[in-house]
Amino acid sequence: MPIDIYEGHAQTQLQLHETYMRRCLQLARNGLRNAKPNPMVGAVIVARDGRIIGEGYHVRCGEGHAEVNAFASVRPEDEPLLAEATIYVSLEPCSHYGKTPPCADLIIKKGVRRCVCGCVDPFSRVQGRGIEKLRQAGVEVIVGVLQEACLAINRRFIISNTHARPYILLKWAQSSDGFIATSGGPMALSSSFTQMLVHKLRAETDAILIGRSTLETDHPRLNVRQWSGPTPERIVLSHHADGIPADFLRFDSIEAVIQHLADNKKQSLIVEGGTNVLQQFIDLGLWDEIRVETAPITLSQGIPAPKLPSNARLESRQYVDNRCIACYGKGV
C-alpha cells in the first residue's frame with residue numbers, strides 16, 4: 001500500500017523522516033575522502049507517495065553539492081512530482097555563493113514543497129540562513145531529524161569551523177595493567193586486525209603526530225599500508241631537526257602544530273604517542289576523541305599509559321581479537 005509523506009500520525013511521520021535521513025547519511029559517507037574541507041552531505045528527494053525519485057551526495061570539493069546531484073538524478077518523467085516532493089538533506093542547504101551557487105536557491109527554483117534538514121550548518125556563512133531563505137520562499141522546513149548522527153558525521157568539519165583548529169584524536173594501545181611499552185623498548189600490543197583498523201583511521205585523517213622519543217625508539221613509518229587511501233601529513237614534535245626523516249614535518253610546540261594545521265585547512269589530527277606527548281594534549285584540553293586499545297597482556301612494569309582526563313566519557317566499547325577498543329568523548 002503506498003504511503004503519503006504528508007498524511008498520517010505524527011509518530012509515523014517521524015519514523016518516515018528518520019528512514020530517509022538514514023539514507024542521506026549513507027550517501028554522505030561516500031564523500032569521506034574527497035569532499036573535505038567541505039562537509040559530507042547526502043540528499044534524498046521523495047515523492048508524495050514515498051518513492052525516492054532522486055538522491056546524491058557531495059562527491060568532491062569544488063563540485064556540485066548533494067542537493068545539486070540529487071536533482072540531477074531525477075528522471076524527466078518524475079520532474080512534475082517535485083511540486084509535492086520533500087527533499088531530505090543531512091546538513092542545512094547553503095545560502096551563499098562559493099565555488100558553486102546556493103543550494104537553497106536551487107531548492108526554491110525546483111518548487112519542492114518541503115525540506116527536512118538533519119542539522120543546522122555551523123559554518124558562519126550559512127548557520128541558519130539557508131533555512132530562513134527557504135521559509136521566506138514558502139518552503140516548509142523541518143530541522144533536527146537524527147540531529148546527533150548528522151552532527152557526528154561532520155564532527156571534524158564542525159570542530160574546524162567552530163574552534164579554528166583540527167579535530168584531535170588521541171590513540172594508544174596498552175596492556176591490561178596500563179603500560180604502553182616495556183622499559184626496554186616498544187612492544188606489539190595490537191593484533192594484525194587492529195593494526196589494519198589503525199591504517200584505515202590514518203587514511204581518513206589529514207595529519208598524524210608523534211614525539212621525538214617515539215620516533216627514536218619505534219622508527220614508525222606512519223603511512224597507510226594495510227588500507228587504501230592517502231598517507232596523512234606526518235609530524236614530529238621535537239626541538240631538534242637532526243634525525244628526522246625528510247618527509248616528516250617538525251615543530252617544537254603543540255601550539256605551532258595546531259596553527260600550521262589550521263592555516264592549511266587540515267581538519268583532523270591523530271596523536272599516536274608517546275605517553276608524554278599524549279599527556280600534554282590531555283593536560284591542555286586539546287582533544288575531541290580518545291581511543292584506547294587494551295590487549296590481554298600483563299607487563300607488570302614499563303612505560304605507563306597516559307591518564308584519561310576526568311571529563312572523558314565512555315561512548316563505545318568493542319572487542320576485537322580479545323582486545324578491547326574503547327572510545328571516549330568529552331563529557332559535560
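**View 1. The eight-stranded open sheet of the predicted model.** In this predicted model, eight strands form an open sheet in the order E10-E9-E8-E11-E6-E12-E15-E14, and their pairing is mixed. The edges are formed by strand E10 (249-251) and strand E14 (312-320), each of which pairs on one side only. On average, neighbouring strands of this sheet are turned by 25° against each other, with direction ignored.

**View 2. The E10 edge of the eight-stranded sheet, where E9 meets E10.** Strand E9, which covers residues 233-237, pairs with E10 in the parallel sense, and three bridges connect the two. Within this pairing, Ile235 has Leu249 in E10 as its bridge partner.

**View 3. Helices H6 and H7 against the eight-stranded sheet.** Helix H6 (residues 155-163) packs on the sheet and touches strand E6 (167-174), strand E11 (268-273) and strand E12 (289-294), with its direction at about 125° to that of E6. Helix H7 (residues 192-203) lies across E6, strand E8 (207-211), E11, E12, E14 and strand E15 (323-330), and runs at about 145° to E11.

**View 4. The hairpin of E14 and E15.** Strands E14 and E15 run antiparallel and are joined by eight bridges, and within this pairing Ser316 stands opposite Cys327 in E15. Two residues lie between the strands of the hairpin, in which Asp321 takes a positive phi near 50°.

**View 5. The five-stranded open sheet.** A further open sheet consists of five strands in the order E2-E1-E3-E4-E5, again with mixed pairing. Strand E2 (52-57) and strand E5 (140-143) stand at its edges with a single partner strand each, so one side of each of these strands is left without a neighbour in the sheet. From one strand to the next, the twist averages 15°. Strand E1 (residues 42-46) pairs with E2 in the antiparallel sense over five bridges, and Ala43 is found opposite Gly56 in E2. Helix H1 packs on this sheet, where it touches E1, E2, E3, strand E4 (114-117) and E5, and its direction makes about 135° with that of E1.

**View 6. The aromatic pair of Tyr20 and Tyr88.** A pair of aromatic rings is described by the distance of the centres and the angle of the planes. The count of such pairs in this model comes to one. The ring centres of Tyr20 and Tyr88 are 5.1 Å apart and the ring planes stand at 40°, so the pair is classed as tilted. Because Tyr20 belongs to helix H1 (residues 10-28) and Tyr88 to strand E3 (residues 86-89), the pair ties together parts that are 68 residues apart in sequence.

**View 7. The packing of helices H3 and H4.** Helix H3 (residues 103-110) packs with helix H4 (residues 129-136) at an angle of about 20°, and their axes are 9 Å apart. Angles under 35 degrees count as roughly parallel, and H3 and H4 are therefore roughly parallel to each other. The crossing in which H3 passes H4 is right-handed. On the H3 side, Ala104, Asp105, Ile107 and Ile108 take part in the contact, and they meet Gly130, Lys133 and Leu134 in H4. By character, the residues of this contact divide into four nonpolar, one polar and two charged.

Technical notes
Residues numbered from 1 in each chain as written. Predicted model: local features only at pLDDT ≥ 70, side-chain atom pairs only at ≥ 80, totals over all residues. Heavy atoms only, no water. Pairing = 2+ DSSP bridges. Helix = DSSP H or I, 4+ residues; strand = E, 2+ residues; numbered from the N terminus. Axes fitted to C-alpha atoms, helices over the stretch in contact; angles between N-to-C directions. Contact = heavy atoms within 4.5 Å. Parallel < 35°, antiparallel > 145°, perpendicular 65-115°, else oblique. Left-handed = near helix turned anticlockwise from the far one by under 90°. Nonpolar A, V, L, I, M, F, W, Y, C, P; charged D, E, K, R; others polar. Phe/Tyr/Trp six-rings, centres within 6.5 Å; stacked < 30°, edge-to-face > 60°.
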